[in-house]
Structure formats: structure tokens, C-alpha cells
Amino acid sequence: MGEITLERPYSAGVWSRRRTVLIALSMGLVAAFAASLALGSVSIPLNNIVTILMGGEGARASWTTIVMNFRLPKAITAALAGAALSVSGLLMQTLFRNPLADPYVLGISSGASLGVALVVLVTASAGVSLFSGLTLVGDVGLITAASIGAAAVMAIIAIIARRVRHTMTLLILGLMIGYMTGSLVSILIHFSIPDRIQTYINWTFGTFGGVTWSQMPLFSAVILIGLLTAYWVAKPLNAFLLGETYARSMGVDVRRARIGILAASSILAGVVTAFCGPIGFLGVAVPHLCRILLRTSDHRVALPAAALMGASLALIADMIAQVPGGQVILPLNAITALIGAPVVVWVILSRRNLRESFSA
Amino acid sequence: MILETHDLSIGYTKKTIASRLNLTLQAGELVCLLGQNGAGKSTLIRTLAGMQPPLNGRVLLNGDDVRRLDARALARRLGVVLTERADVGMLSVHDLVALGRYPYTDWMSRLQPEDKRAVNRAIESVGASELAYRPVSELSDGERQKVMIARALAQEPALMILDEPTAFLDLPRRAEIMFLLRDLARESGRAILLSTHDLDLALRTADRVWLLANGTLTDGAPEDLVLSGAFASAFQSEGVSFNISEGAFHVQRPQRTPICLSGDGVTRLWMARALERAGFEVVDSAVDRVEIITQTDSARFRLHYAGVLTEYESIYALIAALRDNSGVVQTS
Amino acid sequence: MKVFATRLLFIGLVFGLLFGGAVFAQNAENVTEGCVTTFDASVDYFPEQSEIEYSEGYNIEYFNNYKVITVTTPWVGAETPFTYALVQCGTPAPETATFDAVIEVPITSVISMSTTYLPALVELDVLDTLVALDEFDYAYSPEVRELIDAGDIVEVGGSSMVNVEQVLDLDPDVVLTYGIGSSDYDAHPVLTAAGIPVALIGDFNDTTPLGRAEWVKFIAAFYNLEGDANAFFDEVVTNYNDLAALTADVETRPSVMVNAMFGDTWYASGGRSYAAQLIEDAGGAYVWDNDTSTGGLALSFESVLDTAQNADVWLNPNFWFTLADGLAEDERYAEFAAFENGQVYNNIARVTPLGGNDAGELGAARPDLVLADLVAILHPELLPDHELYFYQQLQ
């Protein structure tokens with residue numbers, strides 16, 4: 001048995017496609033990033049923007065502030081959040097062999113919303129001073145509350161994940177957490193006042209504009225850790241494509257791999273929810289779009305592609321939500337739903353694609 | 001000796017399926033595990049593969065207890081193929097087979113030259129070279145199972161265990177796979193154990209058969225087991241019997257009208273089968289009689305029935321006439 | 001015969017005097033207590049009347065024994081006006097037209113569904129007629145809080161969640177409430193359906209400070225206390241106009257910005273809104289005065305920064321009590337010059353722990369007090385001795 005020539009033409013074709021797609025996605029991301037700096041409700045000429053980015057001053061002092069303290073951190077936040085959610089969604093879809101799984105399938109965002117609801121809604125309904133509670137509902141307060149909620153759910157998942165044999169059990173657990181927190185939040189809403197309810201609802205719309213420079217180091221560090229962890233488990237993820245039984249037979253330490261996948265996914269979903277609110281649909285839709293584009297489920301290339309595409313789509317969604325030139329700002333979650341829902345519907349309808357992706 | 005078991009008991013906490021098993025698997029042999037549904041074939045397979053703990057005893061693979069080996073070490077010695085249609089997302093055949101190198105590659109799954117060689121060898125040995133570019137989802141079931149076998153081969157294991165690998169395949173594909181496995185075992189020096197319901201192919205391809213029935217496992221060459229009657233008794237059930245001379249199963253019919261058949265050669269053999277299907281029993285002497293008249297190109301069939309003599313050109317016409325006339329309804 | 005005639009004359013004189021006296025008495029004042037015993041169709045029972053000059057939301061038409069109040073815009077986009085017939089108690093109701101409610105005045109019991117009506121009740125000294133409020137938490141006025149603490153008034157719930165049974169039990173002469181035109185939210189549909197007399201007050205639609213304050217006359221009409229209301233309101237008008245005159249010719253007008261972010265949006269008042277008028281009358285230059293709307297503007301942080309980064313004074317930022325509250329909400333508020341210079345003022349000086357704010361309560365009826373605060377903030381040299389009443393400078 002000698003060398004087979006199947007290798008060279010095959011891999012040359014395959015790898016150049018993957019390379020092309022990754023390069024194209026990177027360029028798309030750069031373009032989206034640049035556009036999001038250039039567009040906004042205040043029209044700032046491009047040359048001013050370039051000057052400001054290079055460290056100079058804009059024609060108006062407010063423009064410098066706008067670009068450096070608003071648009072730039074927002075763009076970075078959107079890109080990181082989009083990447084985080086897409087990667088997290090991909091991990092969940094592979095681990096649970098479910099094409100409709102998203103980053104929140106374990107209940108992470110439900111935990112975060114319960115944390116936020118407790119802080120926003122309870123401090124009013126308990127008759128405690130309406131005003132004294134308000135420092136808590138500022139940015140930092142909300143971030144802390146959401147983080148604690150998300151972390152609590154992560155802890156529950158971590159404890160249970162070590163004990164269960166079947167990964168599917170976690171899926172049911174996540175669903176139950178979601179239902180329970182949902183009903184608790186409705187009870188809190190029922191006893192609260194319109195002002196606070198509006199604040200809570202505003203949080204659920206999601207936004208990329210809430211991360212200031214002082215919060216950026218923490219935010220970006222955690223996301224980078226999550227992304228790197230996700231890449232580190234790319235190899236067992238590929239094995240998981242065949243299911244856990246086969247994966248085990250090929251040498252995967254299933255328990256450890258599962259923990260790594262869960263950790264990466266929860267950290268990414270948790271930090272984004274804490275800083276940006278629960279942003280949906282990106283995590284479900286982007287993995288599918290990547291699979292179509294790359295024509296492979298190989299996670300070594302699907303993960304980076306998902307990160308790049310997710311970042312770009314998040315930036316685009318944010319730009320649409322801002323209605324460039326207009327004064328109104330649409331809820332971010334509505335825009336991501338408009339982008340993502342058609343993708344999900346198409347996934348469901350094109351059953352052939354479903355069968356290709358996972359066991360139907 | 002690649003695999004051996006010492007005093008192995010398999011089953012679940014509530015139920016012991018078989019006990020005191022001392023089995024061996026040698027290099028280069030293809031062993032088929034046969035038995036009725038529910039006899040415990042899957043349990044034995046899973047216990048031997050280390051997927052399930054034994055109730056008692058040990059399973060040694062190349063001298064090491066399979067329950068003590070870590071996943072990676074075990075994967076280098078044992079390759080597994082299961083019944084299920086593994087839907088694998090969008091992977092090409094090459095990528096799927098390359099997954100078999102998992103226990104050898106680094107964290108980025110980079111394929112070193114010997115990995116690539118192993119993958120190529122595996123693809124070639126199952127005859128899937130032309131499919132290497134194609135996505136797995138586009139393959140037929142038979143091709144897909146070949147690819148899954150290639151993946152297990154890429155692990156370069158000493159032992160391969162397959163759990164009903166031909167369950168969803170049609171007959172030609174099943175034959176193809178079984179012969180492929182037999183060749184693989186012989187040429188690569190691997191031990192291959194597979195469970196199957198396909199008795200006929202098993203009897204033709206296996207070097208040894210493990211017959212699991214009623215809590216006991218009988219081990220031997222397929223022909224030995226047939227002639228000793230072990231086969232017949234293992235698959236004994238109401239109305240079904242194993243015919244040694246034909247090597248096939250017969251369904252016993254309650255009422256059989258006797259009929260006499262004269263003629264020879266292949267045509268006689270098949271006429272006899274047709275008559276049996278129609279509910280008749282071929283005996284040496286009877287009132288009614290079928291005659292086969294061989295001519296140069298074809299045969300004609302003469303029927304003496306209820307005192308009437310008629311002639312037909314096809315077996316179908318004769319049988320149809322018999323049915324109409326005798327009112328014998330073929331019960332299926 | 002002579003004795004009989006003398007007695008007749010005497011009786012006639014007494015009756016004449018009584019009659020004349022009664023007529024004379026009736027011609028001078030409205031009946032503020034009790035009912036008329038014998039109705040005379042030729043008598044004008046409402047010698048004291050209110051003229052509505054500033055408010056564009058309602059007017060009052062007087063007839064001999066009843067008044068008709070027409071509320072033209074109970075809410076923005078209302079298509080049909082609401083008319084109420086206030087009939088002098090003891091006289092017959094008019095049968096000439098249909099009204100949204102027919103109420104006998106002076107009323108003896110009232111339910112208030114907003115805190116903006118409370119100052120009128122306090123000022124007119126008819127607080128003893130108050131039997132219930134929608135929610136206790138938001139009331140500021142000390143007199144009302146006394147009633148609450150003593151358990152003299154009841155809480156019936158607000159908007160469409162109002163406890164109709166409880167209101168029926170209390171049997172008020174009228175329920176004063178507001179509507180926004182949404183049958184899901186408004187209280188008046190469910191109350192009217194239960195047969196409870198409801199009067200809609202559209203004070204929040206008036207875009208001028210004096211127009212909004214003039215609704216005190218609306219409430220007074222139910223008590224026949226137009227006289228007192230007129231006197232009170234005239235004083236408010238005088239105070240207000242005097243203050244406005246002070247600033248009419250100032251040389252420099254400090255630029256003023258308002259509010260802060262709510263969620264993702266900064267809701268600023270329109271250029272012709274209530275707040276904008278106050279700012280202009282106080283001698284300020286509203287940064288959004290080129291806008292012509294009377295409602296609100298929904299803006300992004302970016303665009304507010306662009307417009308107002310250098311504004312001199314910042315008013316009414318959400319519920320901040322200190323500048324630190326603002327930073328806790330978003331540290332980028334510090335980019336505004338007004339913030340950096342400590343020129344941030346919020347109308348939270350008179351608040352209760354439960355959420356009551358006098359700026360929205362008394363402030364609605366006393367725009368002159370609000371204006372005084374604003375003049376003192378924007379032009380301290382014009383009112384050097386003024387102590388801020390509703391406002392507080394944030395430290």
C-alpha cells in the first residue's frame with residue numbers, strides 16, 4: 001500500500017476554501033467595524049473620525065468624545081460580544097447535538113435576568129426608598145447583579161454536570177431553570193411599579209453601549225479567556241460530532257471534555273449577558289451560516305469563522321438598531337431576532353440540511 | 001492472543017445474562033457473535049469493549065484490563081463500529097476517517113506523516129478511495145458504514161468490535177461488508193468480533209462463531225456448531241426449525257398436502273421450493289404428481305391432479321392452477 | 001279688622017324681608033354648603049364664576065342653576081370632548097342635552113386619582129371631602145399625609161386596576177381622574193361602566209405653566225368655590241408674570257439642558273413644551289429650542305452630547321441626589337460641562353421616602369414657585385435672597 005494521491009488535490013482544494021472564507025470574514029469584520037465608527041445619530045465626517053482615532057482632536061470637542069468614549073468602546077463591545085455568543089452557541093449545538101441550541105440553553109441568561117430583576121424590581125416593591133435603590137440600578141449595579149445570577153446558574157450546572165451520565169440531562173435542567181426564573185420574574189413584575197418595570201424591560205432589550213473604558217479590561221479579558229478555552233476543546237468537539245459513545249471509543253475523556261465545553265460556553269454566555277443584557281439569535285444562527293459557508297463542521301475552522309462572523313453581524317445589528325442619522329434607537333434584541341429568525345426558520349425547513357448537521 | 005476473558009459474568013445488577021465466560025480472540029480471525037434477540041449480544045459486546053462493567057471477572061486486551069486503561073490507550077488498541085447511522089455534521093470522508101487518529105494526534109489534531117499514511121491506508125482498504133472528497137452525508141448507507149469501518153481502522157487497533165454493523169443494509173451491501181471484514185482480519189492480522197443477525201453470511205465468512213443462547217455461550221467453527229445441533233437448538237422456536245442440509249430456516253406448516261415430483265437438476269430443486277411454498281410436501285409416492293419435462297431451451301411442467309392432466313409453461317402458472325384447484329390457500 | 005290687617009302687614013313685611021334678604025343673599029355668593037330648598041328658575045345661583053384664560057383644555061359655561069364644563073382635550077388625540085353638567089343641588093338637572101356626567105354641586109365627597117389635584121383641595125380647604133386616593137405612596141402634601149396616617153382615607157388603586165367595588169362602597173359624588181386614551185390602562189371606562197360619576201382632568205396636556213395651573217378652577221367649580229379659586233389663581237398669575245418680567249430683558253441667557261438617559265434613550269422635552277416655557281420665562285436658553293414639538297424628543301446619548309456638551313446648566317437628571325448617583329449610572333455623564341462645573345440641579349428637594357415629590361404636586365398648581373427657583377438658578381443676581389424650594393444643587 002503506497003501513498004495515495006487522494007491527499008494532495010483534496011486537501012489543497014479544501015484548505016484553500018477554508019482560508020478564503022476566513023480571510024473574507026476577517027475583511028468583513030474590519031469593514032463592519034469601520035462602518036460602525038463612522039455611522040451614528042450624529043454625522044461626523046470621515047476625515048474627522050480618522051484624525052480622532054489617530055489621537056488628534058475633532059472639529060468639535062464633542063465629536064472627539066463621541067468617537068473615543070462612545071463609538072469605539074461600543075464597537076469593540078459589539079465585536080467581542082458577537083464573537084462570544086456565536087462561539088458559545090456552536091459549542092452548545094455540538095455538545096447537545098441539537099441544531100437549535102443556543103448559548104442560553106443551560107439557563108445562563110435566565111439566571112442573569114433573575115439577578116437583575118431582584119435588584120431592579122424588588123428594591124421598589126419592598127417599600128424600600130424608591131430613590132435609594134437607584135444607585136443600584138445604575139450600570140455597575142446591573143452588571144454585578146447579572147453576573148451573580150449567571151454565576152449561580154453556572155455553579156448549579158457545574159455541580160450537576162459531574163454527576164450525570166447523560167449530557168441531555170443538562171439540557172432539561174437548563175430548560176427547567178429557564179421556566180422557574182421566568183415565573184419568578186413575572187411575580188416580581190406583578191408587584192413592582194411601572195417605572196422599575198420599564199427599567200427592567202429596557203435591560204432585556206440588550207445593548208452594546210453599556211461597557212465603558214473602565215469596564216473594558218475585565219469584559220475583554222473574560223471573553224478572550226472563553227474564546228481560547230473554546231479553541232482548546234476543538235479536538236474533542238470534532239469527536240463529539242459522532243456522539244458521545246463514538247467519542248469515548250476514539251479516546252476522548254468525555255467527562256473532562258464536557259466540563260471544558262460547558263465552562264467555555266457558560267463563561268462566554270454569562271459575561272455577555274452580564275454586560276450587555278440577554279442578546280438572542282446570534283448564538284443560534286451564526287453557527288449554521290458558518291457551516292454553510294465553510295462546508296464543514298470541523299471545529300478547528302468553524303470556531304474562528306463563527307467568532308469572525310458573529311462579531312460582524314453584531315456590529316451590523318447594532319448599526320441597524322441605531323437607525324443611522326435618525327434619533328430613535330430600536331431595541332437590539334429586535335434586530336438580532338429579525339436577522340436570526342429567518343435563518344432558524346430556514347434551518348428547520350431545509351430538513352436535508354438538518355439531517356446533514358445532526359441526527360434528526 | 002489479543003483478547004481474553006477470565007471468568008467473565010455479564011449483565012445488569014438485577015439480571016445476569018451469562019457467567020463463567022472464558023473467551024479468547026486471536027489475531028487474524030473474524031468471530032461472529034450470534035444469538036436470538038434479547039440473548040445478550042449487545043451486553044457482551046459492550047462489556048468486552050469496556051463500555052459497561054462486568055458483574056464478575058475481567059476482560060484483558062493485549063494483557064491489560066479494559067476497565068483500567070485510560071480512554072486514549074484503549075482507543076489505540078480497540079476500534080468500535082456501532083449500528084446507528086452516525087450523522088456527522090458536514091464532514092468529508094477524509095476528515096471523518098482522520099478522526100480515527102484522535103488517540104495519536106496533538107491538541108490541534110495535526111496529522112503527522114504517519115497519521116496521513118494510516119488514514120490513506122484505512123480508506124483504501126475499505127475501497128473508499130474514490131469517495132474521499134465527498135461529504136459523508138451524500139453517501140449511501142453501505143458506503144457510510146464502510147467509512148465508519150475505515151475510521152475504526154485508522155485507529156490502528158489490534159481488535160475491532162462491531163455491533164450489528166450491517167443491520168440497515170441491503171443484501172449485496174451486507175455481503176460486501178462481511179467479506180471486507182473477513183479480508184481485513186486475514187490481511188491485517190487484526191482480530192475482528194462482530195455481532196449480527198445475518199446467519200447465512202456469518203456461517204460463510206466467520207472463522208469462529210460465538211453462539212449465545214439461554215445464558216451459555218458456545219464457541220466453535222460455524223460448521224461444527226451446525227453439525228452438532230447447537231445452532232438448531234439455539235434458534236429453536238415455535239414453528240421454526242433449522243434445516244442442516246440446506247443451512248437455512250424452515251417455517252413449519254401445519255397442513256401439507258403430499259405431492260410427488262419427478263425431474264432432476266436445478267429445476268427440480270426450485271420446483272420443490274415452489275411446491276413447499278404453496279403448502280405441499282414433496283414425498284416419494286402420492287396420488288398427485290408433478291412432472292418436469294426438460295426440453296432443449298426450456299422446461300415444461302405437467303400436473304397430474306385430481307385425475308386431470310394439464311401442462312404449463314411456467315412454475316407460476318402451475319402453482320396458480322394448483323391453488324385454484326385445490327383451494328389451498330397459502331398462509332404466509 | 002284693624003288688628004287683622006296689622007297682623008297681615010306684619011307677616012307680609014317679614015316675608016318680604018326674608019324673601020328680599022334671601023334674594024339679596026343669593027345674588028352675592030355661590031351656595032357652598034347644603035342645597036337649595038325652593039328652586040326659582042329665574043335666579044342665577046352662580047354669581048361667582050370662573051373665566052378660563054390660560055388653559056386650552058377646558059372651559060365652563062354658566063346657566064342659572066347649572067354649569068357645563070367641556071373638557072376639549074382630555075388626552076392627546078382625543079376626538080370627542082367630555083361634557084359635565086354640574087347642577088346646583090336642590091334644582092332640576094337640564095334635560096336639553098346628554099352629558100358624560102351629571103353631578104350635583106357642591107359635592108361632599110371626592111376621590112382623587114392623581115396627586116396633582118391635591119394642592120387644589122388643600123388650597124380650597126375642602127380636604128375633609130376627600131375619601132380616597134389611588135395610591136398613598138406618592139402623596140406629598142403634609143395635610144394629606146395626616147389623613148393617610150389617621151386612616152381617614154382609603155387607597156383604591158390606580159388606572160384600570162382600580163378597585164371598583166371599593167369605590168362603589170365609598171359612593172363618592174365624583175371621581176377626579178385622567179385618561180390617556182387607552183381602554184386597557186384608563187380608569188374612567190371601568191368606573192363609568194359601574195355607574196360612578198367621573199370627571200376627567202386633562203391638566204398634563206396643557207403646555208403652558210399657567211394653563212396647567214388654571215385647572216384649580218375646574219376643581220373649584222365642583223364646590224362652587226370659584227371665588228376663592230379666582231383669587232388664588234390671580235395671585236399665582238401676578239407672581240408668575242412679575243418673575244417673567246424680571247428676566248425678559250436679560251443680556252445673557254445661560255444655556256440649559258434637561259433630563260438624562262432612560263435605558264438607551266435620552267428623553268428631552270420638546271422646544272415648545274411645558275419645561276421649555278419655564279426655562280424661557282426664567283431667562284434661560286433651552287438647547288433644544290429650535291424644536292417645535294410640545295411633547296418629548298427621543299435622543300441618543302451621542303446627539304445630546306453633540307448638542308449640549310457645553311450647556312451651562314443641567315436640570316432634572318432622573319432621580320439623582322448627588323453627582324455620584326450620576327456617575328454610578330454612567331460615568332460618561334462627566335463629559336458634560338455642566339456636570340464638571342457642578343451646575344446640576346434636580347427638583348428633588350421635597351420628596352418622601354415612598355416616592356412622593358412635591359415638585360410634581362404643588363409645583364403643578366404653583367408654577368410661580370417653580371419659576372422663582374429657576375430664575376434664582378439661572379440669574380442669581382435677580383433673586384439674591386431666594387431660597388430654593390423644589391430644587392437642589394447636586395454636590
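## Strands in chain B

Let's start with a bit of sheet in chain B. Strand S14 of chain B (residues 257-262) and strand S16 of chain B (residues 289-294) pair in the parallel sense, and three bridges link them. Looking across to S16(B), you'll find B:Val290 opposite B:Leu261.

S16(B) also pairs with strand S17 of chain B (residues 299-305), this time in the antiparallel sense and over six bridges. One pair to look for here is B:Glu291 with its bridge partner in S17(B), B:Arg302.

## How far to trust it

Keep in mind that this is a predicted model. It scores ipTM 0.82 and pTM 0.82. For chain C, the average pLDDT is 90, and 95% of the residues score at least 70. As a rule of thumb, where pLDDT is low, the predicted coordinates should not be read in detail.

## A residue in a helix of chain B

Stay in chain B and find B:Ala175, which sits in helix H6 of chain B (residues 171-188). Is B:Ala175 buried or exposed? The answer falls in between: B:Ala175 is partly exposed, because 17 other C-beta atoms lie within 10 Å, and a buried residue would need 20 or more while an exposed one would have 12 or fewer.

Now look for B:Ala202, which is 27 residues away from B:Ala175 along the chain. In space, the C-alpha atoms of B:Ala175 and B:Ala202 are separated by 9.6 Å.

## Chain A on its own

What is chain A built from? Its tally is 15 helices and zero strands. Of the 360 residues in chain A, 52% are buried.

Contacts in chain A often link distant parts of the sequence. Take the contacts with a separation of 6 or more: 79% of them are between residues 24 or more positions apart.

## Which chains touch?

Two pairs of chains touch, and the pair with the most contacts is A and B. Chain B and chain C do not touch, and their nearest C-alpha atoms are 40 Å apart.

## Where A meets B

This contact takes in 32 residues from chain A and 29 residues from chain B. On the chain B side, helix H2 (71-77), helix H3 (93-98) and helix H4 (113-125) each supply at least two residues. H4(B) gives the most to that side, with four residues.

What kinds of residues does chain B bring to chain A? They split into 15 nonpolar, eight polar and six charged.

## Where A meets C

Here each partner is counted again: 26 residues come from chain A and 26 residues from chain C. On the chain A side, at least two residues each come from helix H3 (61-95), helix H5 (139-163) and helix H7 (194-205). H3(A) gives the most to that side, with six residues.

By class, the side of chain A that touches chain C has eleven nonpolar, 14 polar and one charged residues.

## Two domains in chain C

The domain assignment splits out domain 1 (58-234) and domain 2 (250-393) of chain C. The C-alpha centres of these two domains of chain C lie 30 Å apart. Where they meet, 18 residues of domain 1 of chain C are in contact with 19 residues of domain 2 of chain C.

On the domain 1 side, helix H2 (118-123) and helix H6 (209-213) of chain C each supply at least two residues. The largest share of that side comes from H6(C), with four residues. Sorted by class, the side of domain 1 of chain C that touches domain 2 of chain C has ten nonpolar, five polar and three charged residues.

## A mostly covered helix

Finally, find helix H14 of chain C (residues 367-378). Its twelve residues reach 16 Å from the first C-alpha to the last, close to the 16 Å expected at 1.5 Å a residue.

How many of the twelve residues of H14(C) are buried? Eleven are, so this helix is mostly covered by the cut-off of 20 or more other C-beta atoms within 10 Å. The buried residues include C:Pro367, C:Val370, C:Leu374 and C:Leu378. What do the buried residues of H14(C) pack against? Their partners in chain C are H6, helix H8 (226-248), helix H9 (274-281), helix H13 (358-365), strand S15 (313-315) and strand S16 (344-346).

Notes
Residues are numbered from 1 along each chain as its sequence is written. Chains are lettered from A and ligands numbered from 1 in the order in which they are written. This is a predicted model: local features need pLDDT of at least 70, side-chain atom pairs count only at pLDDT 80 or more; totals for chains, interfaces and linings use all residues. Two residues are in contact if their C-beta atoms, placed from the backbone, lie within 7 Å. Ala, Val, Leu, Ile, Met, Phe, Trp, Tyr, Cys and Pro count as nonpolar, Asp, Glu, Lys and Arg as charged, and the others, Gly among them, as polar. Domain bounds come from an automatic or database domain assignment. Two strands pair if DSSP finds at least two bridges between them. The expected span of a helix is 1.5 Å times one less than its number of residues. pLDDT is the predictor's confidence in each residue, from 0 to 100.
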